[in-house]
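Student: Please take a close look at the empty space inside this protein, and at what surrounds it. I would like one connected account rather than a list.

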Amino acid sequence: MKCVPDIPYDTSNGLMLDLYLPDRLNAKACIIYAHGGGFRKGDRQDAAAAHFAERLTSAGFAMATVSYRLNTTLETFSEQEQRYIASYVRRTSSIGFRLSPKLFGPAFIAATEDVSRAIEFLWVEGSNLGILSRKTGVLGISAGGIAGLALAFPPTHWQTQLVKPDTVVAVSAAIVQPWRLTEQAPPCLMLHGPDDRIIPLEAAQFGANRARHVGAPVSLINTGVPGHAPQVDAILNGTSDASGTPVMDLILERFEAMLETEI
């Protein structure tokens, strides 16, 4: 694979992406990799990014690892948006998730906005960068997965401002606004394990159960791998689902399927 680093996609906020491409052929579509870190830390060049890029480019996809704003405070937003965010935080807190409010507050909204802008950038510039299709998936880790899932089911006030990806794969993440679940959404796959002290499996199960109730296209695989961070290494190292299928193969199947799916 080859890498084109430091491509500006949002100059107003100084945000860049690194684009990984197959060696010889144009990429059939692009997958956005959104790193974890609780919306407080993390980097687009984290240790797992290049490993996922190797798998995706080998399958003919491009992968864009994106930076997004971190530690964004409420004061960044307009007064009206501050009121919306405060109401969302109260509603999520009332569900009883054992999650830090930092995972569904203003920094969460800012990161979701940024990943949306990255999708829009790739829609416009993708063909110039060697990407054949405008179809775009999100592979989000932890906080990055929360942002990706939020784009599939966007917050009410942001619905007309955010763009939806064509599919989302979220590792060690959860749907933090489950009341937004609807049938009219891109397919989402959540990968999680037990004994996760940062984002409990129960939080992911809550969203998956609610999705079944309303007919939303969300599925959850319990990898059986304990802990939060170990999920990524387990997936890259070949852990399988209950049927014995490697989870990485299931991720690639999801991204292949998006090329044939209309939303």
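Tutor: What follows goes through the pocket, the cavities, the cysteines and one threonine in turn. The model is predicted, and the values below are computed from it.

Start with the open space. The largest pocket holds about 450 Å³. Its lining consists of 23 residues, and those nearest the centre of the pocket are G36, G37, S142, I198 and H228. Helix α6, which covers residues 230–236, contributes the most to this lining, with four residues. Sorted by class, the pocket lining comprises nine nonpolar, nine polar and five charged residues.

Now the enclosed space. Rolling a probe the size of a water molecule over the atoms shows where empty space is left. Across the whole structure, two cavities of 30 Å³ or more are found. The largest cavity has a volume of about 50 Å³. Around it are F108, I146, L149, A150, F153, A174, I175, V176, Q177 and R180. Helix α4 (residues 143–152) supplies three residues, the most of any contributor to the lining of the largest cavity. By class, eight of the residues lining the largest cavity are nonpolar, one is polar and one is charged.

The second largest cavity encloses about 30 Å³. Its lining is made up of C30, L122, W123, G126, I131, S133, R134, K135 and T136. These divide into four nonpolar, three polar and two charged residues.

One residue of that lining, C30, raises the matter of disulfides. A disulfide is a covalent bond between the sulfur atoms of two cysteines. The structure has zero of them. For C3, the closest cysteine sulfur is that of C30, and C3 forms no bond with it because the two sulfurs are 12 Å apart, too far for a bond. C30 is likewise in no disulfide, its nearest cysteine sulfur being that of C3. The surroundings of each cysteine can also be stated: C3 is partly exposed, with a relative accessible area of 37%, while C30 is buried, at 1% relative accessibility.

Another residue of the second cavity's lining, T136, leads to T167, since T136 is among the contacts of T167 beyond its neighbours within four places in sequence. The others in that set are G137, V138, P186, P187, R254, F255 and M258. T167 sits in strand β6, residues 167–171. With a relative accessible area of 2%, T167 counts as buried because this value is under 20%. A polar atom of the T167 side chain lies 2.8 Å from the backbone oxygen of P187.

Key:
Residues are numbered from 1 along each chain as its sequence is written. This is a predicted model: local features need pLDDT of at least 70, side-chain atom pairs count only at pLDDT 80 or more; totals for chains, interfaces and linings use all residues. Side-chain values use heavy atoms; hydrogens and water are left out. On a 1 Å grid over the protein atoms alone, a cavity is a set of points where a 1.4 Å probe fits but cannot get out, and a pocket is an open set with protein on both sides within 12 Å along at least five of seven lines; lining residues have an atom within 4 Å of a point. Grid points are joined across faces, edges and corners, and a volume is the space filled by probe spheres set on the points. Helices (H or I, at least four residues) and strands (E, at least two) are DSSP runs, numbered from the N terminus. Ala, Val, Leu, Ile, Met, Phe, Trp, Tyr, Cys and Pro count as nonpolar, Asp, Glu, Lys and Arg as charged, and the others, Gly among them, as polar. Buried means under 20% relative accessible area, exposed over 50%, partly exposed in between (1.4 Å probe, protein chains only). A polar contact is a pair of N or O atoms within 3.5 Å; within protein, one must be able to donate a hydrogen and the other to accept it, and residues adjacent in sequence count only if both atoms are side-chain atoms. Contact means heavy atoms within 4.5 Å. A disulfide is a pair of cysteine sulfur atoms within 2.5 Å.
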